[in-house]
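Reader: Got a minute to go through this one with me? I'd like to start with how the chains meet.
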Amino acid sequence: VSTAPVEVEQPETSQEARLDAPWITIVWNDPVNLMSYVTYVFQKVFGYPKAKAQKLMLDVHHKGKAVVSSGAREAMERDAEALHGYGLWATVSHDS
Amino acid sequence: MSGIGPGGFPADDDDRSGPDEPFGAQEPDGLGEDDPGDDSEELAATFHPIPGGAACYFAPAQAGVIRSLVGQVAELVRGDSAPGDSAFGDNSPGDSGPGGSGMGGAMGGWPAAGGPGGPGGAGGPADAAGGGLAGPGAAGQGGPGSGEPTPGTPSPDELERMLGLSGNVELPDDPVLARLLPDAYSDDAEASAEFRRYTEESLRASKINSARAVLASLPAGGGEVVLSESECQQWLRALNDVRLALGVRLGITDENEDLMSSASVDDPRSAYLWVYQWLAYLQDSLIESLS
C-alpha cells in the first residue's frame with residue numbers, strides 16, 4: 001500500500017483563502033466497503049459528479065487513501081462525521 | 001475496498017416458489033460451489049428498481065437473518081441497552097433466553113468462541129446468525145440508564161445524552177465498535193477525543209435509526225419489501241454497518257477478501273461468510289437500483 005501523497009483537485013479558491021483553510025479530509029481504504037458504495041457516498045456527501053467520485057474511490061482503493069475534501073477545520077470535521085455516518089473510514093488532518 | 005465480481009450470486013429472478021424453505025435448511029457443505037442446482041436463486045435475493053425507490057422479495061429466513069444481524073449491530077451500537085427493550089429484542093428469529101435479545105454472553109467473542117458447534121450446527125446460518133455479533137460487555141449489561149425510563153428529573157447522564165454529548169472520548173475496545181465509531185484524527189489523540197465527545201452520540205443515534213428503519217420495513221415473516229428513496233438510504237447504511245461488523249468478526253482483510261472461496265466447509269465461519277457475501281450483493285443491488 002502506497003502512502004504517497006494523493007493529487008487533489010483544489011477547489012477554485014484564492015491563495016489567501018487556502019492559507020486560511022489548510023485542512024483536509026482523508027478516506028482510507030478498507031476491505032469491506034464496496035467500490036460502488038464508496039462512489040455513491042462521495043456523490044451523496046460532496047455532490048461530486050460520478051466521474052470524480054469514481055476517481056476518488058479508485059485512489060482510495062489503489063493508493064490506500066485519498067484526500068476527498070479540503071477547507072476549514074470545522075467543515076472537514078463535518079465531512080468526516082458525515083462519512084462516518086455512512087461507515088467510511090475518514091480522518092481529518094492538517095495539510096502541512 | 002471490495003468489488004462485486006462476475007460469477008457470484010445469480011441475479012434475482014421471478015421464481016418465488018418455496019419461500020417457506022428455511023434459509024438454514026442446508027448444512028454448510030450444501031452451500032458449496034459444487035451444488036449449482038440448488039435454491040441459491042432464492043437465497044440470493046437482490047433489489048430491483050421501482051419508481052421512487054427499490055423493491056425486493058425476502059423469504060422468511062432471509063428476513064430473519066437480516067433482522068437478527070441488523071438488530072445485533074444496533075444493540076452493540078446502543079451499548080447500554082436493556083435486553084429485550086424496544087424493537088430490537090422482539091420478533092427476532094434466533095432469539096434465545098427470556099430477555100429476548102438473543103445476544104447471550106455465551107456467544108461473545110465469536111467466532112473464536114464459536115467452535116465446532118457454531119454455524120455448522122443443526123440450525124444452520126439462520127440460527128447461527130442469532131448469536132454472533134455481541135462483543136465483550138454487550139450482553140447482560142445493566143448499567144446506569146438501562147431499564148424502563150423513569151419519569152421525573154433526568155439524571156446528569158441523561159441530560160448529557162439529551163445534549164448529544166456522549167462523554168466518551170476513547171476509541172471503543174470492541175473492534176467492531178471501533179470500526180463503526182472510528183477516530184477522526186489518525187495522529188492527534190486529543191483532537192480525536194474532542195471530536196468523539198461532540199459527535200459520537202449522534203453517530204450512534206443515526207446508526208440506530210437506520211437499523212430501526214430496516215426492522216420497520218422488513219416483516220419478520222418475509223415478503224415483498226418496497227422502499228422509498230429515503231428508506232433505501234437507511235437500508236444502505238444499516239446493511240453496510242452489518243457488513244462492517246461481520247468483516248471485523250470474520251477477520252476480512254485486503255489480503256483475504258476471497259476468504260469465502262478458500263474457507264474450508266469445516267471452517268466455523270463458512271456460513272457467516274456466505275451471509276456476508278450475500279449482503280454484499282444485496283447492498284450492491286440497492287445501489288444499482290438508486291443509480
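Author: Sure. One term to begin with: a polar contact is a pair of N or O atoms within 3.5 Å, where within protein one must be able to donate a hydrogen and the other to accept it. Also, keep in mind that this is a predicted model.

Reader: OK, how many residue pairs are in polar contact between chain A and chain B?
Author: There are 18 such pairs, counting those with both residues at pLDDT 80 or more.

Reader: And which elements of chain A give two or more residues to that side?
Author: Strand 1 (23-28), helix 2 (35-46), helix 3 (50-63), helix 4 (73-85) and strand 3 (90-94) of chain A. By class, the side of chain A that touches chain B has 17 nonpolar, eight polar and five charged residues.

Reader: What about salt bridges, how many between the two chains?
Author: One. R179(B) and D30(A) make it through their side chains, at 3.5 Å from N to O.

Reader: How much area do chain A and chain B bury between them?
Author: About 2,800 Å², with 56% of it on carbon and sulfur atoms. In chain A, the residues losing the most area to chain B are P31(A), V32(A) and L34(A), together 24% of what that side buries.

Reader: Switching topic: what's the strand order in the chain B sheet?
Author: It's 1-2-3, an open sheet of three strands with antiparallel pairing. Strand 1 (48-50) and strand 3 (223-228) of chain B are the edges.

Reader: Which helix packs on it?
Author: Helix 8 (residues 229-250) of chain B, which touches strand 2 and strand 3 of chain B. The direction of helix 8 makes about 105 degrees with that of strand 3 of chain B.

Conventions
Residues are numbered from 1 along each chain as its sequence is written. Chains are lettered from A and ligands numbered from 1 in the order in which they are written. This is a predicted model: local features need pLDDT of at least 70, side-chain atom pairs count only at pLDDT 80 or more; totals for chains, interfaces and linings use all residues. Side-chain values use heavy atoms; hydrogens and water are left out. Buried area is the accessible area (1.4 Å probe) that two parts lose on being put together, summed over both. A salt bridge is a side-chain nitrogen of Lys or Arg within 4 Å of a carboxyl oxygen of Asp or Glu. A polar contact is a pair of N or O atoms within 3.5 Å; within protein, one must be able to donate a hydrogen and the other to accept it, and residues adjacent in sequence count only if both atoms are side-chain atoms. Helices (H or I, at least four residues) and strands (E, at least two) are DSSP runs, numbered from the N terminus. Ala, Val, Leu, Ile, Met, Phe, Trp, Tyr, Cys and Pro count as nonpolar, Asp, Glu, Lys and Arg as charged, and the others, Gly among them, as polar. Two strands pair if DSSP finds at least two bridges between them. Contact means heavy atoms within 4.5 Å. Axes are lines fitted to C-alpha atoms, for helices over the stretch in contact, and angles run from 0 to 180 degrees between N-to-C directions.
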